[in-house]
Amino acid sequence: TSTSGGTTRRFIYEGDDVTLHDVEMNHYATVKGASTIDRTIDKIIKKWDFHPPMADLLVSNPYRSLTQGALSGKLNGTQWIGGIKCQRIAVTKDEVDWEIWIASTDHLPRKLEITFKNQSGQPKVQLLFQRWNLNPKLKDSQFTFDPPKDAMEIEMAPAD
C-alpha cells in the first residue's frame, strides 16, 4: 500500500496476477505477472511503465537491485533510529540518491530514504521499518485481491 498526496494505491502480487487498486477512485486493473517476482516487476516496469512502490526491496536480491549502477557509496557514520544505533550508508546513482540505516545489533534495516534527483522538486520517499517479524504467520488470503463493493475493473494500458 502506498499513500501520496491524498491518493492510496494498493499493489497486490498473487503469483500469476498483479493488481493495482486505486482506493479513492475504487478502480483496479489486473494483469498477468511472470514466473518470479523479479521477472514480474521487470515486466510491469517495461510494459506498463509502472514502478511498484519500493520494488527494489521486493526482489530476490535487494542489495544487487539497490546498488546496480551505483556511482559512489559511503558510510556516513552512526545515527539512532527509534532508539536503535544504526550504521548510515549512502549511495549515489544517476537518477536517485538513497540512504539506508542498518541496525548495529541485528543488522536489519530501520530506515530507507530515496531522493529522485531528476524529478521536479527532487521528491523524497522515506520508509521506517518497525516491529520486524522474521517468522510471520501469513494466510493465502492476505495475498489475494478481493475487489471492494462497487469497484470498477479497468484495463491497464501498455506504455507504448
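Asparagine 26 sits in the loop that links β3 (17–22) to β4 (27–32). Its backbone is unusual in one respect: asparagine 26 is not a glycine, yet its phi is positive, near 60°. Most residues other than glycine have a negative phi. Asparagine 26 has a relative accessibility of 17%, so it counts as buried, the cut-off being under 20%. The model in which this loop appears is a predicted one.

Histidine 107 makes a useful companion case. Histidine 107 also has a positive phi, about 65°, without being a glycine. Its place is the loop between β7 and β8. Is histidine 107 buried or exposed? Its relative accessibility is 57%, and histidine 107 therefore counts as exposed.

Now step back to the whole chain. The protein has 160 residues, and 29% of them are buried. Its secondary structure amounts to 3 helices and 10 strands. Reading from the N terminus, the order is β-β-β-β-α-α-α-β-β-β-β-β-β. Along the principal axes, the C-alpha atoms fill a box of roughly 50 × 40 × 35 Å. Take the contacts between residues at least 6 apart in sequence: 27% of them join residues at least 24 apart.

The strands on either side of asparagine 26, β3 and β4, belong to a sheet. This sheet is open, has 5 strands and follows the order β1-β2-β3-β4-β10 with mixed pairing. Which strands stand at its edges? They are β1 (2–4) and β10 (152–153). Each has a single partner strand, so one side of each lacks a neighbour in the sheet.

Walk across the sheet from β1. Strands of a sheet pair through backbone hydrogen bonds, either parallel or antiparallel. β1 and β2 are antiparallel and share 3 bridges. Serine 2 has arginine 9 of β2 as its bridge partner. The two strands form a hairpin with 2 residues between them. In that turn, glycine 5 has a positive phi of about 55°.

The next step is β2 to β3. These strands also run antiparallel, joined by 5 bridges. Phenylalanine 11 has its bridge partner in β3, namely leucine 20. Here too there is a hairpin, with 3 residues between the strands. Glycine 15 takes a positive phi near 90° in this hairpin.

At the far end, the pairing sense changes. β4 and β10 pair in the parallel sense, over 2 bridges. Tyrosine 28 stands opposite glutamate 153 of β10.

Before β10 comes a loop that starts after β9 (124–128), and lysine 139 lies in it. Lysine 139 has a relative accessible area of 59%, so this residue is exposed. How far apart are lysine 139 and proline 109 in space? The distance is 25 Å from C-alpha to C-alpha, with their positions 30 residues apart in sequence.

Next, the interior. The largest nonpolar core holds 11 residues: Met54, Leu66, Val91, Val96, Trp98, Ile100, Ile102, Leu112, Ile114, Leu127 and Phe129. β7 (96–103) and β8 (109–116) each supply at least two of them. The largest share, 4 residues, comes from β7. Histidine 107 thus returns to the picture, because its loop lies between these two strands.

One core member deserves a closer look. Leaving out residues up to four places away in sequence, valine 91 touches Ala70, Ser72, Gly73, Val96, Asp97 and Trp98. Val96 and Trp98 are themselves members of the largest core. A second core is separate from the first and has 9 residues, including Val18, Leu20, Ile44 and Met156. Leu20 has already appeared, as the bridge partner of phenylalanine 11.

Last comes the empty space. Rolling a probe the size of a water molecule over the atoms shows where such space is left. The largest pocket has a volume of about 2,100 Å³. Its lining has 50 residues, and His51, Pro52, Pro53, Met54 and Ala55 lie nearest its centre. Met54 is also part of the largest nonpolar core.

Which elements supply at least two residues each to this lining? They are β1, β2 (7–13), α1 (37–48), α2 (55–58), α3 (62–67), β7, β8 and β9. By character, the lining divides into 25 nonpolar, 15 polar and 10 charged residues.

Notes: Residues are numbered from 1 along each chain as its sequence is written. This is a predicted model: local features need pLDDT of at least 70, side-chain atom pairs count only at pLDDT 80 or more; totals for chains, interfaces and linings use all residues. Side-chain values use heavy atoms; hydrogens and water are left out. A nonpolar core is a set of buried Ala, Val, Leu, Ile, Met, Phe, Trp, Tyr and Cys residues joined through side-chain atoms within 4.5 Å. Buried means under 20% relative accessible area, exposed over 50%, partly exposed in between (1.4 Å probe, protein chains only). Contact means heavy atoms within 4.5 Å. Two strands pair if DSSP finds at least two bridges between them. On a 1 Å grid over the protein atoms alone, a cavity is a set of points where a 1.4 Å probe fits but cannot get out, and a pocket is an open set with protein on both sides within 12 Å along at least five of seven lines; lining residues have an atom within 4 Å of a point. Grid points are joined across faces, edges and corners, and a volume is the space filled by probe spheres set on the points. Ala, Val, Leu, Ile, Met, Phe, Trp, Tyr, Cys and Pro count as nonpolar, Asp, Glu, Lys and Arg as charged, and the others, Gly among them, as polar.
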